[in-house]
Amino acid sequence: MSRKMLIDGELSSSTAEEAQYDFDLFVIGAGSGGVRASRTSAGFGAKVAICELPFHPISSEVIGGIGGTCVIRGCVPKKILVYGASFRGEFEDAKNYGWELNEQVDFNWKKLLHNKTQEIVRLNGIYKRLLLNAGVTLFEGEGKVVDSHGVELTQPDGTKHRYSVKHILVATGSRAQRPQIPGQELAITSDEALSLDELPKRAVILGGGYIAVEFASIWRGMGVDVDLFYRKELPLRGFDDEMRALVARNLEGRGIKLHPGTNLSELIKTEDGIRVLTDRGEELVADVVLFATGRSPNTKRLNLEAVGVELDKLGAVKVDEYSRTNIPSIWAVGDVTNRVNLTPVALMEGTCFSKTVFGGQPTKADYNHIPCAVFCIPPLSVVGVSEQEAVEQAKGDILIFTSTFNPMKNTISGRQEKTAMKLVVDAETDKVLGASMCGPDAPEIMQGIAVALKCGATKAQFDSTVGIHPSAAEEFVTMRSVTRRVSAASKQLVVHMEQGYVIWPNIS
């Protein structure tokens, strides 16, 4: 089969030139983006090899596993633990629905941990079979770029092999980073948190992002006393401010102790646990301290700078719109590029790469209307722009539609936990620019909303859609009244109320 490749912007199918290489494509890293790129490139007829470090649930510089962070120590095991933690609230809610439960409901952490590990081992095997069935050559070991067309593979036993390749794709993802404070070696990251031998009784979490609030929910749902520390006034910087505030209230409502505007200054090992000191003079003792303070691109051992590949100040690989580096034969996708660090985005980038290089279809990744979710309990999910982003970008007025209500389930269970929804609309075009939801099933609902926004749906089209009753989702098609109108000229918030208008100061 003749293969078409994009070379310096032009398609080429020179079989004589291809013959000098061991592989058309060598992928370093078998996570979500690398596996997708390998399989789709092989589907276009390319001769593909991929390498990955040996499998283990907890990663290191020399340990990884086929499936990558998402499958082995990220999205998948995290969601399994979220499911496990959610039962605590379900048991509480069940009582007013007639279920007579014993006062003592026991939780077996080791059983869940075992079942979680079994599932990621199963998925690791599935990913191997997907690659082999696609005709991809699979190597176990560490890959390093030695020149623009060369990869060196170091196998687990230390044996080294060098391969000549037409194209190199870097898809090594990212790793959790640790803040440099005294005693930082006493803390763990999300890798270890997913595989703890014993469930802690007292946990301190540092961070205000996805991972921090998700683990706060997980551990609290399993009965752990949790203290969450973060630098800002609200967690989840970058999300809609109203949703951030609701997440914070929900975390507190579930029994998590919040410490906004606070950082950790030192960790000290004691007989009773880990003594935690903060920059506000607070002091407490925990069994586990989790650092959830961000991730760094996994590029240190790849030799990229030595061969001339440009990295940014964080160590991420710099790429163009087609995921190509400044070296024409070297490409990169996924978290290692630090663009939009989500598994489905890495999948998209991997597909676009293979279409561009081997499919004869130069394709740029589309980063508009990417939905995402934070799996705290209850979850938050969004697509498009937040209200704050819309105001900052606005050339005309912005209309905000909101609905906050007590979910039907809570009217019987008695749980005091609101659901909130929001639509951000361009006043001139009526186009829906963004949607947010915090409440049960938010990610499942938001995936459908994302399709609508991707298609350019207007508020009128939302309004003309018949809702599913009774459901929370129907609120998205029944929000008729404008909650507030934001003037682009003044950047002031105008809140429509029954008695008139209240003007608030600049919110940007």
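Biologist: How do the residues lining the second largest pocket divide into nonpolar, polar and charged?

Modeller: This is a predicted model, and in it the lining splits into 18 nonpolar, eight polar and 12 charged residues. Gly counts as polar here, so Gly439, one of the residues closest to the pocket's centre, goes in the polar class.

Biologist: What makes up that pocket, then, and how much space lies in it?

Modeller: About 910 Å³. There are 38 lining residues, and those closest to the centre are Glu90, Lys409, Gly439, Pro440 and Asp441.

Biologist: Which helices each supply at least two residues of the lining?

Modeller: Helix H4 (75-94), helix H11 (408-413) and helix H12 (442-454). H4 gives the most, with eight residues.

Biologist: On to another topic. Why are H2 and H9 called roughly parallel?

Modeller: The axes of helix H2 (residues 32-43) and helix H9 (residues 343-358) cross at roughly 30°. Angles under 35 degrees count as roughly parallel, so H2 and H9 fit that label. Their axes come within 8 Å, and the crossing is right-handed.

Biologist: How do you know that H2 and H9 meet, and which residues do it?

Modeller: Contact means heavy atoms within 4.5 Å. From H2, Ser32, Gly33, Arg36, Ala37, Thr40 and Ser41 meet Thr343, Ala346, Leu347, Gly350, Thr351, Phe353, Ser354 and Phe358 in H9.

Biologist: What classes of residue are in that contact of H2 with H9?

Modeller: Five nonpolar, eight polar and one charged. Arg counts as charged, so Arg36 of H2, which takes part in the contact, belongs to the charged class.

How values were computed. Residues numbered from 1 in each chain as written. Predicted model: local features only at pLDDT ≥ 70, side-chain atom pairs only at ≥ 80, totals over all residues. Heavy atoms only, no water. 1 Å grid on protein atoms, 1.4 Å probe; cavity = no way out; pocket = protein on both sides within 12 Å on 5 of 7 lines; lining within 4 Å. Points joined across faces, edges and corners; volume = space filled by probe spheres on them. Helix = DSSP H or I, 4+ residues; strand = E, 2+ residues; numbered from the N terminus. Axes fitted to C-alpha atoms, helices over the stretch in contact; angles between N-to-C directions. Parallel < 35°, antiparallel > 145°, perpendicular 65-115°, else oblique. Left-handed = near helix turned anticlockwise from the far one by under 90°.
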